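Got your viewer open and a chain loaded? Let's take a walk through it together, one selection at a time.

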Amino acid sequence: LDTLEKWVTEIFSEIPNNGLPKPSFGHLTQPFDTPEFHKLYRVVPIRKVHSLTITWALPPQEQYYRVKPLHYISWLVGHEGKGSVLSFLRKKFWALALYGGNGETGFEQNSTYSIFSISVTLTDEGYKHFYEVAHVVFQYVKMLQKRGPDQRQVIWEEIQKIEANEFHYQEQTDPVDYVENLCENMQLFQKEDFLTGDQLLFEYRPEV
């Protein structure tokens with residue numbers, strides 16, 4: 001470790017600090033406000049698979065990393081138990097799988113916008129009824145919107161505990177990947193959250 005620290009000091013200590021703040025593009029509040037984004041696009045895949053993906057461009061959410069609102073919503077959308085979207089679609093023999101969320105990469109989450117997508121893997125029968133499938137998804141999102149966040153915090157706290165367990169008992173990763181991920185986190189989070197900011201939920205704020 002002493003040798004590594006010596007190398008890092010030699011290589012990086014001479015890099016000048018220009019004292020400028022981190023660039024932000026938050027003033028570009030409507031990056032996707034174009035008619036092309038309010039349409040249905042059909043893409044012919046190479047392999048035989050039917051997939052319906054609905055995508056929203058939202059205001060930037062990266063400053064809410066301690067709350068992770070998109071993670072909360074994706075947890076509800078992706079739930080597979082009784083009363084879920086997927087459970088309903090499976091009973092209709094229209095869908096095999098459903099995933100919702102934000103990849104938290106620079107492309108899907110930055111200072112300009114955040115992307116939220118719901119992707120449904122359809123059966124052949126589901127492909128014939130994809131308009132109805134889309135309608136069910138929008139109905140579910142509307143229901144979440146009307147009910148609002150769970151006031152008793154039960155769902156959020158459940159997610160918080162699961163993510164904490166996964167963090168504490170995660171398998172050791174490749175050191176190079178770990179350092180790369182850590183360097184990315186240093187650009188996004190406060191110092192005390194460099195190790196945990198991309199994984200743990202810290203604050204329950206229903207208004208967010």
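Here is a tour that starts with the whole chain and then moves to smaller selections.

**Stop 1: the whole chain**

Keep in mind that this is a predicted model. Show the chain as a cartoon and you should find seven helices and three strands. Follow the cartoon along the sequence and the order reads α-β-α-α-β-β-α-α-α-α. Along its principal axes, the C-alpha trace spans about 65 × 40 × 40 Å. Of the 208 residues, 28% count as buried. Now think about contacts between residues with a separation of 6 or more: 75% of them join residues 24 or more positions apart.

**Stop 2: two domains**

Color residues 34–146 one way and 148–207 another; these are domain 1 and domain 2. How far apart are the centres of the two domains? Taken over C-alpha atoms, 22 Å separate them. Where the domains touch, domain 1 puts in 13 residues and domain 2 puts in 21.

While you're in this part of the chain, select 167–207. UniProt lists that span, in an unreviewed entry, as "domain: Peptidase M16 middle/third". The span is 39% helix and 0% strand, and its end C-alpha atoms lie 26 Å apart.

**Stop 3: the largest pocket**

Switch on a surface for this one. Rolling a probe the size of a water molecule over the atoms shows where empty space is left. The largest pocket has a volume of about 1200 Å³. To find its centre, select Lys39, Tyr41, Thr53, Ile54 and Thr55, which lie nearest to it among the 35 lining residues. Strand S1 (50–58), strand S3 (114–122) and helix H5 (130–147) are the elements that each give two or more residues to this lining. Which of them has the largest share? That would be S1, with nine residues. Color the lining by class and you get 23 nonpolar, eight polar and four charged residues.

**Stop 4: the second largest pocket**

Next up is a pocket of about 1000 Å³, the second largest. Select Tyr72, Ile73, Leu76, Leu144 and Gly148: out of 36 lining residues, these lie nearest the centre. Two or more residues each come from S1, helix H2 (69–77), S3, H5 and helix H6 (154–168). H2 has the largest share of this lining, with seven residues. By class, the second pocket's lining has 23 nonpolar, six polar and seven charged residues. Bring back your domain colors here: domain 1 and domain 2 each give at least three residues to the lining.

**Stop 5: helix H2**

Stay with H2 and show its side chains. Which of its residues are buried? Pick out Pro69, Leu70, Tyr72, Ser74, Leu76 and Val77. As you look along the helix, remember that an α-helix has 3.6 residues a turn, so residues three or four places apart point the same way. Now show what covers the buried residues of H2: the cover includes S1, strand S2 (95–101), S3, H5 and H6.

**Stop 6: two residues with positive phi**

Most residues other than glycine have a negative phi. This stop has two that go the other way.

Start with Lys68, in the loop between S1 and H2. Its phi is near 55°, a positive value in a residue that isn't glycine. Is Lys68 buried or exposed? Lys68 counts as buried because its relative accessibility is 7%, and the cut-off for buried is under 20%.

Then jump to Phe93, which sits in the loop between helix H3 (85–91) and S2. Phe93 isn't a glycine either, yet its phi is positive, at about 60°. With a relative accessible area of 63%, Phe93 is exposed, since exposed means over 50%.

**Stop 7: Glu132**

For the last selection, go to helix H5 and click on Glu132. Glu132 has 35% relative accessibility, so this residue counts as partly exposed; that label covers values in between 20% and 50%. Finish by drawing a distance line from Glu132 to Leu40. The two are 92 residues apart in sequence, and their C-alpha atoms are 14 Å apart in space.

Notes: Residues numbered from 1 in each chain as written. Predicted model: local features only at pLDDT ≥ 70, side-chain atom pairs only at ≥ 80, totals over all residues. Heavy atoms only, no water. 1 Å grid on protein atoms, 1.4 Å probe; cavity = no way out; pocket = protein on both sides within 12 Å on 5 of 7 lines; lining within 4 Å. Points joined across faces, edges and corners; volume = space filled by probe spheres on them. Helix = DSSP H or I, 4+ residues; strand = E, 2+ residues; numbered from the N terminus. Nonpolar A, V, L, I, M, F, W, Y, C, P; charged D, E, K, R; others polar. Domains from an automatic or database assignment. Buried < 20%, exposed > 50% of the residue type's maximum accessible area, 1.4 Å probe, protein only. Contact = heavy atoms within 4.5 Å. UniProt positions renumbered as here; feature names shortened; annotations may be inferred.
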